[in-house]
Structures are given as C-alpha cells and as structure tokens.
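Ready for a short set of exercises? Keep a viewer open, try each task yourself, and then compare your steps with the worked solution.

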Amino acid sequence: MCSKKPGSISSILGSITMGSITQSTLPSDFVWGFATAAYQIEGGANEDGRGPSIWDTFCKLPGKIAGGGSGEIACDSYHRTHEDIALLKTCGAQAYRFSISWSRIIPLGGRNDPINEKGLQFYLKFIDDLHAAGITPMVTLFHWDLPDELNKRYGGFLNKEEFVADFARYARVVFDAFGSKVKHWITFNEPWCSSVLGYNTGSFAPGHTSDRTKSPVGDGSTEPWIVGHSLLVAHGAAVKIYRDEFKDQNGGEIGITLNGDWADPWDPENPADVEACDRKIEFAISWFADPIYLGKYPDSMIKQLGNRLPAWTAEDIALVKGSNDFYGMNHYCANYIRAKTGEPELDDIAGNLELLLEDKNGKSVGPITQSPWLRPCAIGFRKLLKWLSDRYGYPKIYVTENGTSVLGENDMPLDELLEDEFRVQYFRDYIGAMADAYTLDGVNVRAYMAWSLMDNFEWAEGYETRFGVTYVDYDHDQKRIPKKSAKSIGQIFDRYIEKS
Ligand code: PNW
C-alpha cells in the first residue's frame, strides 16, 4: 500500500505543491558553471597518440548515430581550449566540469599499458589555463569513452576484476598528475546510461542488446546488472585510492554522478502507480546510490531481479559503502509512471512500469523539446532533491548537469536560434526550484553546472540535437556564438545567491 514514510513520493506529493511566495535564496558560497564531456567536444580523435574508445568504434556502425556523425572533430575543443575558456569568462562562470579521455592518457587503457605524456600535458595546460582565468575545474574521470582495447581484450565492464584494476590504475595516474590542481573529482558519469543504454537497449556504445536485429551480442536481462556492479566497485576502488594516497595533501573531494528524473503517478488515485514512482527512482538512482549510502541494493530490485543482481562480497561493499564526499546529480525532466500488471519481462530495467509523457487526463508533463525523453517540469527537480535528501540523510549535493534541448533548434534561422528564450525559461524555472529546495526544504545543494557550455555531439542523437548555451557552427570552423541563455544564467544566479 501507499506508505507515507520519509523518502517516498507519497510523503512529497502533498507537501511540495508550488513555488515560494517569499524569495528563496542560495548560499553565498554557492558555485555555478557549465559542464561538457571529452568525447562530445574534443575532437582530435587521432591526435598526439590518443587511442580509440568504444564510441569511436560504435559511431562507425551504420545506423547507430543520427546523421551518421561521430566525435572525430566535434567542437574541436582539443585545439580551441582558449576559446572555451573565453566563453566561460564571458558567461561569468565560476567553475567548469569537463571529463578526461582515458585513451588520451593511456591509449590502450590497461594497467600495464604505456602512458601517453602528450595526453597528460594537454590536460595539465588546460587546468592551468582555467586557474589563470579564475575558473575552478571539476573533473570527471569517466564519461562513457572506455578505451576500445579494453572492450576487445576482456569485455570491458563485463569483467569486474580486470576492469576495476585497470580503472584504478588510470585513476591513480590522473590523481598523481593533476591532484594538486583539481579539488573536485567525479569518478563515473551516469553509470545507469553505461549499463542500460550500453547493455540493454543497445543505443549507446558498445551497443549490446538481446535484440538480434540490432546487435549480434548481448543479453539485456543479465549484462546491465553485471556492468552496474563493476562500475560501482571501480568507483569505490578509485575513491579509496584518492582518500588513502591523495586527499590528505590535496584536500579535495570525490563522488559519483548519477542521472535520474522525477516520477509522478499517471493516476495519483491509484496506489499502484504511486508505489511504482518510488520503484522507478529506485531502479534509476538507488541502484547505485543505495549501495553507496546504505550498503545494499534496493529491496524492490532484489525482489524483481533475484540472483541476476550480483551479490556483494564483504570486500566490495566495504569499498562502495560511504564512498561519496558529495552526491553528483544530473537531472533533466520528469515522467508519469503507470504500474504494469503481471510479471515483469525478463529484459525489464525500469521496475515493471511504463514511463509516460502524459497523465491519465492527457496532461503533458511539460513542453515538448527536441529530445524525445525530455519534457521540462521544474517542480520535479525540487521534489527529487527532497526525495534524495530524505533517503540519504541530507548529503551535500552538486548538480552536475541540468539543461534542455529546444524543439527544432537545429533547423531555425540563426537569429531565431540565438534567442533561445525557451532554454532561458528552463534555467529560470529549474534554478528557482533548486533555490526553493535549499531555502524551504533544507536540501544541502551547493553547486550547479548547466548542460552544456556549447552545442556538442549528443551521442546517438548526433549533432541534430543541441544542448548548448553557445551555438557551434559545424560548417564554419566550429565557430562559437553565445545564445541568449549564455548570458542569462549568471543573471539568474545573481538574483538567488546571497551577497556575502
Ligand atoms: C546526459 N536518457 O545523458 C549525459 O551525461 C550527457 O553527456 C548528455 O549530453 C546529456 O545528458 C543530454 O542528453 C543522458 O535517455 C542521455 O534518459 C540520455 C538520457 C539521459 C541522460
């Protein structure tokens, strides 16, 4: 039945209904900036010794990427770091979240494979240049671009022992090289996407799925759970290395970034739909966050998946439990949830429920965007911040991604595209909802990175879907032109952040 326990959606549905009447605020030391990821912006795919990643390989398969693109050139940031830093300064950003390409640092990826000095030098200079511009770096070790060799050598994340050992060595090399200059580390970006989109739907590299019309390999009923487990253990191993060997002298912090959207019941009168909302968030977020904060997988997942969910050894869970200095939160939208009746399908990854964009009365969760999965619903952001805080004991939260695509943006005339009022409104609403969560709900949110600094390679959606506050002209030398939203975010934060 529908429980009212703290941390369940039923306790939140009644309590958070609208924005504040008084002005909410954010603390004076709140940090904001923008986020990107290596494969989505860097290009320079074959330069200075970089080895291929699973995304280079996946993009070559026909039909996998809209428009047939790849990250081979992308925004050409490998050659334009000074332009990116100038953009950040124009926007007034205090911080920049970017990721490191593992195969630039260790081209073959493995723990006994050679290190590429030029790769290290590239990031070292970039980090120095950011500091010189007064911008704080926040570095993601892994944003999906596994060295292709490791996938070929032993099946990548499917082989826990090998993968964890290789990731641990990569992490140590990076901490050793940049540890004195970087104080905010993220181990993995969105392990849900690597597990589910990479090993169940097959829409992301390496494209495994049970669907034999899409891939000759894969088992979507077992592989995602094995992959998720490996990623958790690798996260724990990297955190231990950081804490044991680097944290004391560097004084930095480390955590993982999880993606997850809000869930509202398709029919709020139906307890099964209300209950399914908690299950949806558990399958998306608590899959990773429960082991980290509570030391076990969620009961709802154990119940549905049985022994397909790997068992925790004492050694592994000791690495994972307590391994977040902060909670990295990627958040974009909300869904309506309708419980399915009957036994879950074998390949089900969501918790035996449907994700819908309209409720029982046909009301849309939010306006349509260019991304089929994304409809803005800012109040859901406040509700999820509260849900997570209740469940995990009010951890420090860094919002590491939040943003939107705009319907038809790629086909607009440039002057219209640059006036991206839809995106500006999205940021107004979402930043406002976050300030309400801080002020009214006691949520400990301390940083916010907008996705994204510029249009970039949107994975399977290629270049047709744009998420940037800066327009990138792919036909003319990757020229960058700030949109209206680039200038707006600083103004929005200025209204909320308390003056010290
Ligand atoms: C995130 N979904 O990915 C990533 O961290 C970014 O690299 C990406 O560009 C951004 O969001 C915008 O898509 C997601 O299908 C991709 O639910 C897809 C989904 C969620 C997150």
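Below are five exercises, each followed by its solution.

This is a predicted model, in which local features need pLDDT of at least 70, side-chain atom pairs count only at pLDDT 80 or more, and totals for chains, interfaces and linings use all residues. Residues are numbered from 1 along each chain as its sequence is written, and side-chain values use heavy atoms, with hydrogens and water left out.

**Exercise 1. The ligand and its surroundings**

Task: Find which residues are closest to the ligand, and work out what share of its accessible area the protein covers.

Solution.
- Step 1: Collect the residues near the ligand, that is, those with a heavy atom within 4 Å of it. There are 13 around the ligand, and the closest are Gln-40, His-143, Glu-401, Glu-458 and Trp-459.
- Step 2: Sort this shell by class, with Ala, Val, Leu, Ile, Met, Phe, Trp, Tyr, Cys and Pro as nonpolar, Asp, Glu, Lys and Arg as charged, and the others, Gly among them, as polar. The result is 6 nonpolar, 4 polar and 3 charged residues.
- Step 3: Look for polar contacts, meaning pairs of N or O atoms within 3.5 Å; within protein, one must be able to donate a hydrogen and the other to accept it, and residues adjacent in sequence count only if both atoms are side-chain atoms. Gln-40 places a polar side-chain atom 2.7 Å from a ligand oxygen. For Trp-459 the corresponding distance to an oxygen atom of the ligand is 2.8 Å, and for an N or O atom in the side chain of Tyr-332 it is 3.2 Å.
- Step 4: Turn to the covered area. On its own the ligand has 460 Å² of accessible area, and the protein covers 91% of that. These areas come from the Shrake-Rupley method with a 1.4 Å probe; for residues, only the protein chains shown count as cover.

**Exercise 2. A residue in strand 10**

Task: Is Thr-400 buried or exposed, and which side chain does Thr-400 contact?

Solution.
- Step 1: Place the residue. Thr-400 belongs to strand 10, residues 397-401; strands (E, at least two residues) and helices (H or I, at least four) are DSSP runs, numbered from the N terminus.
- Step 2: Apply the cut-offs: buried is under 20% relative accessible area, exposed is over 50%, and partly exposed is in between (1.4 Å probe, protein chains only). Thr-400 has a relative accessible area of 0%, so it is buried.
- Step 3: Check for a partner. The side chains of Thr-400 and Asn-330 make a polar contact of 2.6 Å.
- Step 4: Compare with another strand 10 residue, Ile-397. Ile-397 is buried too, at 0% relative accessible area.

**Exercise 3. Unusual backbone angles**

Task: Locate two cis peptide bonds and two positive phi values outside glycine.

Solution.
- Step 1: Recall the background: most residues other than glycine have a negative phi, and most peptide bonds are trans.
- Step 2: Find the cis bonds. One runs from Ala-205 to Pro-206, with omega near 5°, and Pro-206 is in the loop between helix 9 (191-199) and helix 10 (223-250). Another joins Trp-451 and Ser-452 with omega about 10°, and Ser-452 is in the loop between strand 11 (445-451) and strand 12 (470-473).
- Step 3: Inspect phi. Asp-48 has a value of about 50° and lies in the loop between helix 2 (38-41) and helix 3 (54-59). Asn-352 has a phi near 60° and lies between strand 8 (334-339) and strand 9 (353-356).
- Step 4: Assign exposure. Asp-48 is partly exposed, at 34%, whereas Asn-352 counts as buried, at 10%.

**Exercise 4. An arginine in strand 13**

Task: Which atoms and side chains does the side chain of Arg-480 reach?

Solution.
- Step 1: Arg-480 is in strand 13, residues 479-482, and counts as buried at 10% relative accessibility.
- Step 2: Its side chain comes to 2.9 Å from the backbone oxygen of Cys-75.
- Step 3: Arg-480 also makes a side-chain polar contact of 3.1 Å with Ser-77.

**Exercise 5. Far apart in sequence**

Task: What separates the C-alpha atoms of Asp-29 and Ala-447?

Solution.
- Step 1: Asp-29 is in the loop between helix 1 (9-13) and strand 1 (31-35), and is partly exposed at 49%.
- Step 2: Asp-29 and Ala-447 are 418 residues apart along the chain, with 8.9 Å between their C-alpha atoms.
- Step 3: The side chains of Asp-29 and Arg-446 form a polar contact of 3.1 Å.
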